[in-house]
Amino acid sequence: MKNQNEGQEKKVEKENKRAERKAARGEKRAQEGKRPFKEIVKSKNFKHGTLSTLLSIGFVVVIVLVNVIFSALTDRFPSMNIDLTKNSTNTLSEEAVKVVDSVKEKTVINILASENNANSGEYAQVVALANKMAERNSNITVEFTDLDQNPTFKSKYDDENISSYNVVVESEKRYRVVTADDMFPTELDQSTYQQVYYQDVDSQLASAVSAVNAESLPVAAFDTAHNESGAAGYRSLLESNNFEVVEFNLLTEEIPENAQYIVLSVPQTDLSEAEVEKLDNFLNDQEDLKDRTVMFVYYPGMTEVSNLEAFINEWGLSVETGRMVVENDSTSYYSRPDYLLMSANTDLDLEGTSSDYGYLLVPQANPVDILFESRSGVTTYPLLSSSDSSVLYGAATGEVIDETKRSYCVGALAQRAFNDNEEQKSYYSNVVVLGSGSMIVQNFLEASTFGNAKYLVDIARYGTGTTGVEAAVPSNKQQSITTDITMSSSMMNWMGLGVFTIVFPILVLATGLVVFLRRRHL
């Protein structure tokens with residue numbers, strides 16, 4: 001019994017000591033301002049704070065998961081990306097959609113940059129549109145090639161000056177190189193003399209895809225035998241509109257076999273009799289019937305070209321290089337009287353997508369005389385004519401040589417038809433003469449104010465019989481850097497001082513005060 005009592009006493013003693021220690025710890029926490037854990041857990045502040053923290057963490061987790069899932073889906077389905085650009089520049093145009101849907105060949109759009117670099121800045125638009133093309137048609141794939149990591153890639157395209165951020169579009173038939181300048185062109189504003197920036201990614205990519213999938217392309221051949229000048233812009237224009245563009249030397253080489261469109265732009269020396277014969281045989285070839293054209297571009301004051309003059313005389317046309325058409329009517333010229341503004345003549349239907357080209361700019365033009373309307377199977381048509389207030393100046397003297405005010409033809413076409421009895425179809429050989437070499441230079445072709453580019457492309461299509469071929473996508477370039485918002489100085493002062501300096505800080509302080517007061521009462 002004694003042992004049992006001693007055991008109970010020891011047990012009670014232990015419990016008392018435990019209670020004392022617990023009381024001491026409680027007293028110490030009270031002195032230090034601390035509360036027991038159970039008490040803390042049961043408190044209102046703990047419940048509200050913990051719930052708030054858990055909700056915050058849960059919200060962040062949900063947002064991260066949604067972002068990961070959505071990123072994966074948009075990588076797989078680029079069309080899910082919402083286009084918030086002003087002019088829908090990250091959306092395929094109707095013309096581009098038609099091209100993409102028609103692709104039946106395996107086609108690679110190779111962007112010459114690392115994927116990370118390509119997705120930065122304005123170039124991300126190229127990636128976005130290329131991916132949407134690939135999403136829409138499984139025959140199209142997108143690849144990335146970093147030339148710094150793969151310098152040998154250029155060797156496959158020796159004839160091209162390939163550089164980083166070009167895009168190579170390729171099928172088994174052919175390839176096209178689209179440069180950054182093609183997709184993001186700049187123009188000089190002739191009124192302000194400032195650079196204007198554009199983007200033309202949609203039409204450039206779609207046109208290249210169309211070109212590499214076309215069964216055949218009309219061949220345009222530019223002569224280099226006579227120090228021709230000013231044709232670089234026209235060559236680039238035709239190539240971007242799905243012509244196969246080549247250069248050749250008319251003096252030492254034969255005309256390329258598949259050529260349908262030959263251009264001699266402001267020749268600095270006359271043609272030899274042998275060259276004239278080559279051109280004559282080309283235009284009168286009845287063994288290989290097809291639409292074909294030779295274009296001669298003149299410029300006031302250029303070298304006398306008597307053999308060339310005799311050749312175009314046979315086609316009912318004539319040019320005196322020492323004369324220049326000048327306008328007296330200020331509504332019919334741009335900037336200066338020898339920069340003629342005119343509309344295209346409608347005597348000949350070029351069968352283009354539109355007969356209205358707007359204003360055509362024809363700077364410093366020779367008059368092109370039409371010698372007859374029809375003779376020996378050749379029919380002539382005026383293409384471009386000045387207003388009735390024009391006069392003639394001497395190209396060298398800059399003085400009036402004919403004060404008679406009248407309209408002058410500055411561009412004409414002569415045509416001869418050949419009938420294919422088996423196909424019951426007519427083919428046409430054409431000679432086109434333009435009096436203005438400046439009309440085809442790059443600056444004026446790129447100027448969206450004027451219709452030169454569209455008009456000259458339609459002449460080339462008409463001259464090769466490819467007007468019905470939907471190969472090229474018309475340019476739809478949009479100005480990329482514009483001033484969309486204009487403010488008066490008083491409005492800017494109000495926004496800067498009133499809104500951002502006074503109103504916003506007051507709102508922030510008020511919000512902080514409300515949150516502080518509500519948290520104190522939790």
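Student: In this predicted model, does Tyr 165 count as buried, partly exposed or exposed, and what is its relative accessibility?
Tutor: Tyr 165 lies in the loop between β2 (140-144) and β3 (167-170), and its phi is near 70°, a positive value in a residue other than glycine. Buried means under 20% relative accessible area and exposed means over 50%. Because its relative accessibility is 29%, Tyr 165 counts as partly exposed.

Student: Val 266 also has a phi worth examining; what is the value, and where does the residue sit?
Tutor: Most residues other than glycine have a negative phi. Val 266 is placed in the loop between β9 and α10, and it is buried, with a relative accessible area of 7%. Its phi is positive in a residue other than glycine, with a value near 50°.

Student: Which residues does Val 266 touch, not counting those up to four places away in sequence?
Tutor: Thr 303, which is 37 residues from Val 266 in sequence, has its C-alpha 8.9 Å from that of Val 266. With residues up to four places away in sequence not counted, those that Val 266 touches are Asn 227, Glu 228, Ser 229, Val 297, Tyr 298, Tyr 299, Met 302 and Gly 437.

Student: What is the order of the strands in the open sheet of eight strands, and which are its edge strands?
Tutor: The sheet is open and has mixed pairing, with the order β8-β7-β9-β10-β21-β20-β17-β16. Each edge strand pairs on one side only, and the edge strands are β8 and β16 (374-375).

Student: Which helix packs on that sheet, and what angle does its direction make with that of β10?
Tutor: The helix is α10, residues 273-283, and it touches β9 (259-265), β10 (292-297), β20 (409-420) and β21 (425-434). The direction of α10 makes an angle with that of β10 of about 140°.

Student: At the β8 end of the order, how many bridges pair β7 with β8, and which residue is the bridge partner of Phe 222 in β8?
Tutor: Strand β7 (residues 219-223) has five of its five residues buried, so it is largely enclosed by the rest of the structure. Val 219, Ala 221 and Asp 223 point one way from β7, whereas Ala 220 and Phe 222 point the other way, and all are buried. The pairing of β7 with β8 (residues 244-248) is parallel and runs over five bridges, and in β8 the bridge partner of Phe 222 is Glu 247.

Student: Turning to β16 and β17, what do these two strands form, and which residue in the turn has a positive phi?
Tutor: Two bridges join β16 to β17 (residues 378-385), and the two strands run antiparallel. In β17, the bridge partner of Arg 375 is Val 378. The strands form a hairpin with two residues between them, and the residue in the turn with a positive phi, of about 50°, is Ser 376.

Student: How many bridges pair β17 with β20, and which residue of β20 is the bridge partner of Val 378?
Tutor: Seven of the eight residues of β17 are buried, so this strand is largely enclosed by the rest of the structure. β17 pairs with β20 in the antiparallel sense over seven bridges, and in β20 the bridge partner of Val 378 is Arg 416.

Student: Away from the sheet strands, how are α6 and α8 oriented to each other, and which residues make the contact?
Tutor: The axes of α6 (residues 124-136) and α8 (residues 201-213) come within 10 Å and cross at roughly 45°, and the two helices are therefore oblique to each other. The crossing in which α6 passes α8 is right-handed. The contact is made by Gln 125, Val 126, Leu 129, Ala 130 and Met 133 of α6 and by Val 201, Asp 202, Leu 205, Ala 206 and Val 209 of α8.

Student: How do the residues of that contact divide into nonpolar, polar and charged?
Tutor: Sorted by character, the residues of the contact of α6 with α8 are eight nonpolar, one polar and one charged.

Student: For the protein as a whole, what percentage of the residues count as buried?
Tutor: The protein has 14 helices and 22 strands. Among contacts between residues at least 6 apart in sequence, 70% join residues at least 24 apart. Of the 522 residues, the share that count as buried is 41%.

Notes: Residues numbered from 1 in each chain as written. Predicted model: local features only at pLDDT ≥ 70, side-chain atom pairs only at ≥ 80, totals over all residues. Heavy atoms only, no water. Axes fitted to C-alpha atoms, helices over the stretch in contact; angles between N-to-C directions. Helix = DSSP H or I, 4+ residues; strand = E, 2+ residues; numbered from the N terminus. Parallel < 35°, antiparallel > 145°, perpendicular 65-115°, else oblique. Left-handed = near helix turned anticlockwise from the far one by under 90°. Contact = heavy atoms within 4.5 Å. Nonpolar A, V, L, I, M, F, W, Y, C, P; charged D, E, K, R; others polar. Buried < 20%, exposed > 50% of the residue type's maximum accessible area, 1.4 Å probe, protein only. Pairing = 2+ DSSP bridges.
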